[in-house]
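I set out these entries as I went through the model, one topic at a time. Each records what I looked up and what I found.

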Amino acid sequence: MLKVQAEANVPTEFGEFRMIAFSEDDNNWMPHMALIAKGTDFNKPVNVRIHSECITGEVFHSQKCECGQQLNSAMHYMQENGGVIIYLRQEGRNIGIINKLKAYALQEKGLDTVQANLKLGLPADDRDFGVAIEILKDLGVKSVNLMTNNPEKIKIIENSDITFNSRIPLQIKANEASLSYLKTKKEFFGHLLDDENN
Ligand SMILES: Nc1nc2c(ncn2[C@@H]2O[C@H](COP(=O)(O)OP(=O)(O)OP(=O)(O)O)[C@@H](O)[C@H]2O)c(=O)[nH]1
Ligand SMILES: [Zn+2]
């Protein structure tokens with residue numbers, strides 16, 4: 001069972017967040033994180049972003065995906081409007097950074113993001129969003145405005161005892177390097193993305 005291992009207020013360039021580390025034991029170097037914007041009202045539907053780790057996009061500013069810009073937008077939005085970011089340690093849709101780089105190498109040879117995972121004998125998406133539900137419940141979130149384009153995440157909330165109140169779109173304009181990745185997200189995973197941006 002996930003437990004709060006530690007928490008503290010951290011000022012960021014977007015504003016202050018209460019950062020909470022969740023893991024089963026205190027010996028975990030990569031706990032899931034919850035970031036709560038100051039002043040968030042838990043008695044109303046809470047703005048929530050469930051975000052999966054992407055070291056290439058968030059730390060190294062890769063242009064192959066829009067994860068870094070999505071995280072920045074989410075942090076900005078939560079500071080403006082109140083809300084919570086659940087940061088899940090599910091790098092590469094949970095295949096890990098080594099496999100993700102292997103998948104990128106296959107993408108250099110022309111495979112798309114899904115084909116590359118399958119060629120490596122891995123699922124297209126190996127994430128389990130159950131941990132996010134566990135964390136939201138632990139925080140006392142009863143109803144959410146979910147910031148996502150991924151219909152799978154909406155289903156996970158609808159199938160839990162947390163109320164899905166509304167969706168907040170989080171679309172980042174495509175660039176040359178991210179175009180095919182966004183196309184696959186729309187066509188294979190059914191992401192709710194507008195045409196003019198990809
Ligand atoms: N396996 C693999 N994972 C990738 C690739 N590109 C990005 N990722 C990972 O995809 C995860 C983000 O998932 P996305 O499918 O982009 O978006 P999402 O979280 O499902 O949906 P949104 O809520 O709309 O952002 C991160 O963990 C990234 O590391 C890739 O080419 N292959
Ligand atoms: Zn990414």
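**Entry 1: Positions recorded as active site**

I began with aspartate 125, which I located in the loop between α5 (113-119) and α6. I note at the outset that I am reading a predicted model. UniProt, in an unreviewed entry, lists Asp125 and Arg127 under "active site". Such annotations may be inferred rather than shown by experiment.

Is aspartate 125 buried or exposed, or does it count as partly exposed? I found 18 C-beta neighbours inside 10 Å, so aspartate 125 counts as partly exposed; the buried class would need 20 or more.

I then turned to arginine 127, which is also placed in the loop between α5 and α6. Arginine 127 has 20 other C-beta atoms within 10 Å and is therefore buried. Setting aside neighbours within four places in sequence, I listed the contacts of arginine 127 as Ser52, Gln90, Arg93 and Asn94.

**Entry 2: Positions recorded as binding site**

I looked up the "binding site" feature in the unreviewed UniProt entry, which lists Arg49, Ile50, His51, Ser52, Glu53, Gln70, Glu91, Gly92, Arg93, Thr113, Thr148 and Lys153. These positions span 105 residues of sequence and are spread in space as well, with up to 22.8 Å between C-alpha atoms.

I examined two of the listed positions. Arginine 93 belongs to helix α3 (residues 91-94). Arginine 93 is buried, because 22 other C-beta atoms lie within 10 Å. Which residues does arginine 93 contact, leaving aside its neighbours within four places in sequence? I recorded Ser52, Asp125, Asp126 and Arg127. Both positions recorded as active site, Asp125 and Arg127, are thus among the contacts of arginine 93.

Threonine 148 sits in the loop between β6 (143-147) and α7 (151-158). I counted threonine 148 as buried because it has 21 C-beta neighbours inside 10 Å. Beyond four places in sequence, threonine 148 is in contact with Ile50, Lys153, Ile154, Arg167 and Leu170. Ile50 and Lys153 appear in the "binding site" list too.

**Entry 3: The sheet**

I next followed the strands. An open sheet is formed by seven strands, in the order β1-β2-β3-β5-β4-β6-β7, with mixed pairing. At the edges I found β1 (3-12) and β7 (163-168), each with a single partner strand, so one side of each has no neighbour in the sheet. On average, neighbouring strands of this sheet are turned by 25° against each other, direction ignored.

I looked in more detail at strand β5 (residues 84-88), where four of the five residues are buried. How many bridges join β5 to strand β4 (residues 46-52)? I found five, and β4 and β5 run parallel. Arginine 49 has isoleucine 85 as its bridge partner in β5; Arg49 is one of the recorded "binding site" positions. With strand β3 (residues 32-37), β5 pairs in the antiparallel sense over four bridges, and isoleucine 36 stands opposite valine 84 in β5.

I also noted helix α6 (residues 130-139), which lies across β2 (15-23), β3, β4 and β5 and runs at about 145° to β5.

**Entry 4: Domains**

I consulted the domain assignment, which gives domain 1 (3-90 + 127-197) and domain 2 (95-126). The centres of the two domains, taken over C-alpha atoms, are 23 Å apart. Six residues of domain 1 are in contact with seven residues of domain 2. On the domain 1 side, helix α8 (residues 179-187) gives the most, with three residues. By class, I recorded three nonpolar, two polar and one charged residues on that side.

**Entry 5: Backbone angles**

Finally, I checked phi. Most residues other than glycine have a negative phi.

Histidine 61 has a positive phi of about 60° although it is not a glycine. I placed histidine 61 in the loop between α1 (55-58) and α2 (67-81). Histidine 61 is exposed, because it has 9 other C-beta atoms within 10 Å.

Asparagine 94 also has a positive phi, near 75°. Asparagine 94 is found in helix α3, and I counted it as partly exposed because it has 18 C-beta neighbours inside 10 Å. Asn94 was noted above among the contacts of arginine 127.

Notes. Residues are numbered from 1 along each chain as its sequence is written. Chains are lettered from A and ligands numbered from 1 in the order in which they are written. This is a predicted model: local features need pLDDT of at least 70, side-chain atom pairs count only at pLDDT 80 or more; totals for chains, interfaces and linings use all residues. A residue is buried if 20 or more other C-beta atoms lie within 10 Å of its own, exposed if 12 or fewer, and partly exposed in between; C-beta atoms are placed from the backbone. Helices (H or I, at least four residues) and strands (E, at least two) are DSSP runs, numbered from the N terminus. Two strands pair if DSSP finds at least two bridges between them. Two residues are in contact if their C-beta atoms, placed from the backbone, lie within 7 Å. Domain bounds come from an automatic or database domain assignment. Ala, Val, Leu, Ile, Met, Phe, Trp, Tyr, Cys and Pro count as nonpolar, Asp, Glu, Lys and Arg as charged, and the others, Gly among them, as polar. Axes are lines fitted to C-alpha atoms, for helices over the stretch in contact, and angles run from 0 to 180 degrees between N-to-C directions.
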